[in-house]
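User: I'd like to go through the labels on this one and see what backs each of them up. Can you walk me through it?

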Amino acid sequence: PVKGTSTPVASNLVITNGGTPASTVAVSASSVTMTDSSSIGFTATGVGLAINAATTGANGLDTGSLANNTWYYIYAISNGATTAGLMSTSATAPTMPTGYTYKMRVGAIRTDGSAGFYRFYQRGSRFSYVVTAATNTAALPSIASGSAGNITSPTWAATTISQWASPTAAVVFGTISEGSSATAMLAPNNAYGAYNSASNPPPAVISASAGTVQWSFTVEGTLAAYYASNAADGNAQLIGWVDNL
């Protein structure tokens with residue numbers, strides 16, 4: 001361990017569901033530098049944490065119990081001798097266990113309607129949902145679907161992605177698909193042109209060919225996207241986000 005004025009940083013960070021995906025999260029890193037309220041840093045090496053959010057305190061939830069459809073933020077914390085994990089509904093100020101003063105937020109995940117975490121994998125700051133059969137993550141989250149807007153005018157249907165992307169996301173990414181000779185398109189704001197515009201094309205378009213294309217947008221203030229499709233089989237999905245750690 002090393003102390004000194006610093007900023008929070010994690011090296012070779014990996015976060016995923018633990019042995020019981022409904023309530024546990026595993027965090028590993030070659031090193032994590034946490035800071036206290038005075039920005040004094042403490043670096044722990046060889047970090048391996050198992051957080052069970054069905055409990056409270058160090059290596060659990062900071063307070064209360066898991067709630068349905070709620071964002072939880074994942075922390076590495078330390079008292080200067082022991083490093084532990086913590087989860088909280090606060091992205092900046094978790095309730096710290098007694099004696100623990102150093103912290104770094106390392107990720108975020110949301111519960112489903114039964115207070116269970118979705119399947120996920122995070123490497124560094126990049127979070128992805130993990131499609132897993134017979135679980136609450138059996139398919140990628142859909143953020144828009146069906147016929148909407150107008151691809152030639154164009155007019156856009158606004159869709160929020162805050163249900164699926166963390167409020168701390170800096171970049172969001174996913175796929176857009178259609179299954180016939182239709183056209184579907186997606187953009188981070190509604191100032192983009194028609195699907196076939198030569199001067200102002202939307203960042204993500206799939207046209208006249210069944211399949212899928214990937215997209216990636218910088219979050220422009222709010223977690224929203226703009227969608228248009230001329231057929232019922234258009235669909236935009238979220239894969240994940242890059243967290244602003």
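**Rings, cores and one threonine**

Analyst: Sure. Ring pairs tie Trp71, Tyr118, Phe120, Phe127, Tyr129, Trp164 and Trp241 together into a cluster. Keep in mind that this is a predicted model.

User: How many aromatic pairs turn up in the whole structure?

Analyst: The search finds 11. Take Tyr72 and Phe117, an edge-to-face pair with 6.3 Å between centres and 80° between planes. Tyr72 sits in strand β7 and Phe117 in the loop between β9 and β10, 45 residues apart, so the pair links distant parts of the chain. Tyr72 and Phe117 are both buried.

User: What makes Tyr118 and Tyr129 an edge-to-face pair?

Analyst: Their centres are 6.1 Å apart and their planes meet at 90°. Pairing needs centres within 6.5 Å and edge-to-face needs over 60 degrees, so the label holds. This pair also links distant parts of the chain: Tyr118 is in the loop between β9 and β10, Tyr129 is in strand β11, and they are 11 residues apart.

User: Why do Tyr118 and Tyr129 count as buried?

Analyst: Tyr118 has 7% relative accessibility and Tyr129 has 5%. Buried means under 20%, so the word fits Tyr118 and Tyr129.

User: How do you know that Arg126 lies over the face of Phe173?

Analyst: Arg126 is placed 3.9 Å from the ring centre of Phe173. The distance limit is within 6 Å, so that part is met. There's an angle criterion too, within 35 degrees of the ring normal, and Arg126 is listed as lying over the face.

User: Which residues touch the most other members of the largest nonpolar core?

Analyst: Ile74, Met87, Val172, Leu186 and Trp215, out of 58 residues in that core. β7 gives the most to this core, with seven residues. A second, separate core has five residues, including Ile151, Met185, Ala187 and Ala228. In soluble globular proteins, nonpolar side chains tend to be buried together.

User: What is Trp215 in contact with, neighbours within four places in sequence aside?

Analyst: Among its contacts are Ile143, Val172, Phe173, Leu186, Ala204 and Leu238, plus Thr175 and Gln237.

User: Why is Thr175 called buried?

Analyst: Thr175, in strand β14, has a relative accessible area of 9%. The cut-off is under 20%, so Thr175 is buried.

User: And what makes the Thr175 and Gln237 side chains a polar contact?

Analyst: They are joined at 2.4 Å. The limit is within 3.5 Å, so the distance qualifies.

Notes:
Residues numbered from 1 in each chain as written. Predicted model: local features only at pLDDT ≥ 70, side-chain atom pairs only at ≥ 80, totals over all residues. Heavy atoms only, no water. Phe/Tyr/Trp six-rings, centres within 6.5 Å; stacked < 30°, edge-to-face > 60°. Helix = DSSP H or I, 4+ residues; strand = E, 2+ residues; numbered from the N terminus. Buried < 20%, exposed > 50% of the residue type's maximum accessible area, 1.4 Å probe, protein only. Core = buried A, V, L, I, M, F, W, Y, C linked by side-chain atoms within 4.5 Å. Contact = heavy atoms within 4.5 Å. Polar contact = N/O pair within 3.5 Å; in protein donor to acceptor, adjacent residues only side chain to side chain.
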